[in-house]
Amino acid sequence: MSYINAVGELVCFSPSLNKTVLLSTGVPPLERHLVIAAIPSLKDFGIGDILLISPNGTISSLFREQSAHNTLFITDRCNSNCLMCSQPPKNTDDLDYFFEINSQLIRMLPPDLKELGITGGEPTILGSRFITLLELITEYLPNTAIHILTNGRSFAWKNVAQAIQKVCNPNLVFGIPLYSDYYQQHDYIVQAKGAFNQTILGFHNMARYGQRLELRIVLHKQTYKRLPSLAKYIFMNLPFVEHIALMGLEYTGYTPKNSDLLWMEPSEYADELEEAVSFLDGMGLAVSIYNLQLCLLKPSLWKFARKSISDWKQEYLNECSRCSLVAECGGVFATSKKHSGKIKAIAK
């Protein structure tokens, strides 16, 4: 595991060599260091950043001191296969690998860290070691807000929800997707039979054991028609969720391959979105709109729009430079291979 020290050196500890190692930028190393490589510059890294140097020489950023969007990546594996997955799952044996990295990384993170995400793949596939990571977080980062992206299906088993309760961390929030109030439609979108029933049972099990829950809905052709009825379903059956996020589509991963099934201009679902958001807000539920630009939303929905795209994959189009509301807008996904053709600067 590596970090940038106060004099700008990229340093790591090598268990195999039992030495501190310096990744040199051409400056003579201190005697306590062993130089293993030379790179032109460290300009893409900052003091306090934590990096992973792999045996093949690649360098990965695990933690960026100046970023508000740091995340623990748990696995590439998943038990769903969503039509619009932005990071398609891989059938790979990586659980041990990422567990070792993350269990070390948690101990190295600054104890005053405000926020940290957990994602995959599906993090709960890690099994009992997922609970171990939550226990480590609770010990080393007791005041950090933790947001966990999960499909929630594992929580259908009561013992999983009970184990999470025993961690006793009030800062955990679980972001779980629900794409329809109709079970067959949700199962089709996530490409997993029985997923709807598992997800709903998981919501209730987690609520029974006092866990904080966020519900997420990705907006596309398969979900937009039933948005108003889904909003009513949430109010009637899941009123305990503390936040509902309706999310614009990230055009990457599986989405380009399933474009005919998924892609539509946000203006085409504007009425359904407004009806669903207005209903949830009127019923006293906290609701937000993620990943959609202000110019694509009805003005009545601007107050619900959030700057939600992570800093490392956020950008603004040339058209945005002329917009009077660019400072309030979250921009677009730099990772998307396609953006709405209706993005247009809002005049003063």
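**Notebook: cysteines and cavities**

I looked for disulfides first, and with sulfur atoms required to lie within 2.5 Å of each other, the count in this structure comes to 0 disulfides. I note that the model is predicted.

I then went through single cysteines. Cys 78 is in no disulfide, and the nearest cysteine sulfur, which belongs to Cys 82, is 6.4 Å away. I found much the same outcome for Cys 85, which is also in no disulfide and has the sulfur of Cys 82 as its nearest cysteine sulfur, 6.2 Å away. A disulfide is a covalent bond between two cysteine sulfur atoms. I also looked up whether Cys 78 is buried or exposed, and because its relative accessibility is 31%, I entered Cys 78 as partly exposed.

Next I turned to enclosed space, where I recorded 3 cavities of 30 Å³ or more. The largest cavity holds about 210 Å³ of space. I listed 22 residues lining this largest cavity, of which Leu 249, Trp 263, Asn 291, Leu 292 and Gln 293 are the closest to its centre. Sorting that lining by class, I got 13 nonpolar, 8 polar and 1 charged residues.

For the second largest cavity I noted a volume of about 100 Å³. Its lining is made up of 14 residues, and those closest to the centre are Cys 295, Cys 320, Cys 323, Cys 329 and Lys 344. By class, I entered the lining of the second largest cavity as 11 nonpolar, 1 polar and 2 charged residues.

Methods:
Residues are numbered from 1 along each chain as its sequence is written. This is a predicted model: local features need pLDDT of at least 70, side-chain atom pairs count only at pLDDT 80 or more; totals for chains, interfaces and linings use all residues. Side-chain values use heavy atoms; hydrogens and water are left out. Buried means under 20% relative accessible area, exposed over 50%, partly exposed in between (1.4 Å probe, protein chains only). On a 1 Å grid over the protein atoms alone, a cavity is a set of points where a 1.4 Å probe fits but cannot get out, and a pocket is an open set with protein on both sides within 12 Å along at least five of seven lines; lining residues have an atom within 4 Å of a point. Grid points are joined across faces, edges and corners, and a volume is the space filled by probe spheres set on the points. Ala, Val, Leu, Ile, Met, Phe, Trp, Tyr, Cys and Pro count as nonpolar, Asp, Glu, Lys and Arg as charged, and the others, Gly among them, as polar.
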